[in-house]
Amino acid sequence: MSGQWTVPILLAMDRCRGRFTPLQHELGIAPARLSDNLKRMAASGLLQHLGPHERRHPALPEYVLTEHGLLLREAAQAQEQAEQQLGLGRLSAKAWSMPVLLALHYRHERFGQLAQALPPVTPRMLSARLDELSGLGAVDKLLDEQPRPAFVYRLQHRAEPPLRQLAGDFASII
């Protein structure tokens, strides 16, 4: 679920009945940006653009979630609930924040372990996200002296329950 607008669009689809203008107003997004995101999501198989004869009103653009989109909406709802419990804002708005937190949940504590667990992430991006999450109070950055000095990253105790729940929710969806 990459992209700043993917999760909000998935979550707003039902409330807006898949209609373009209500989605635009609810999300506060520019029409061109919404259109680009909807096209990208359609190309990824998350939603389908309905033809004029399938819509409630033939002149108004309308979209429906595919089966894959419905599964990802379930995941987006679980992610949104975890973000609310963490109380740190919409972490999913920034690429790699939630995957880094989940990797930490699974006890990948060293930078190299995190990079291996999240292969497409660049070292620069991983470092930036770890610093941001540490600054937000979700992650502790500790110096481990053994076997050689290195930083270890761990979830703060208050972040563990929501991420345990999120991991369980994701596992049940898959």
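These are my notebook entries on helices, strands and nonpolar cores looked up in a predicted model.

**Ground rules.** Residues are numbered from 1 along each chain as its sequence is written, and side-chain values use heavy atoms, with hydrogens and water left out. Because the model is predicted, local features need pLDDT of at least 70 and side-chain atom pairs count only at pLDDT 80 or more, while totals for chains, interfaces and linings use all residues.

**Entry 1, the hairpin.** I looked up strands β3 (residues 139-144) and β4 (residues 150-155), and found that they pair in the antiparallel sense over 6 bridges; strands are DSSP runs of E of at least two residues, helices are runs of H or I of at least four, both numbered from the N terminus, and pairing asks for at least two DSSP bridges. The two strands form a hairpin with 5 residues between them, and Leu142 stands opposite Val152 in β4.

**Entry 2, rings.** I noted Lys141 over the face of Phe151, at 4.4 Å from the ring centre; the rule asks for NZ of Lys or CZ of Arg within 6 Å of the ring centre and within 35 degrees of the ring normal.

**Entry 3, the cores.** I then turned to the largest nonpolar core, meaning a set of buried Ala, Val, Leu, Ile, Met, Phe, Trp, Tyr and Cys residues joined through side-chain atoms within 4.5 Å, where buried is under 20% relative accessible area, exposed over 50% and partly exposed in between, with a 1.4 Å probe and protein chains only. Of its 28 residues, Leu101, Leu104, Leu163 and Leu166 touch the most other members. At least two residues each come from α4 (67-86), α5 (97-105), α7 (123-136), β4 and α8 (160-173), with the largest share, 6 residues, from α5. Leaving aside neighbours within four places in sequence, Leu101 is in contact (heavy atoms within 4.5 Å) with Leu86, Leu91, Leu133, Ala138, Val139, Leu155 and Leu163. A second, separate core of 20 residues includes Ala12, Leu23, Leu27 and Met41.

**Entry 4, helix α2.** In α2 (residues 20-27) I found Phe20, Leu23, Gln24 and Leu27 buried. Seen down the axis, the buried residues of α2 fall within an arc of 100°, so they line one face of the helix; the arc is taken from the directions from the helix axis to the C-beta atoms. Their cover includes α1 (6-12), α3 (31-43) and β2 (63-65). Just after α2, Gly28 takes a positive phi of about 65°.

**Entry 5, Asn37.** I looked up Asn37 in helix α3, which counts as buried at 9% relative accessibility. Leaving aside its neighbours within four places in sequence, Asn37 is in contact with Trp5, Ile9 and Ile29.
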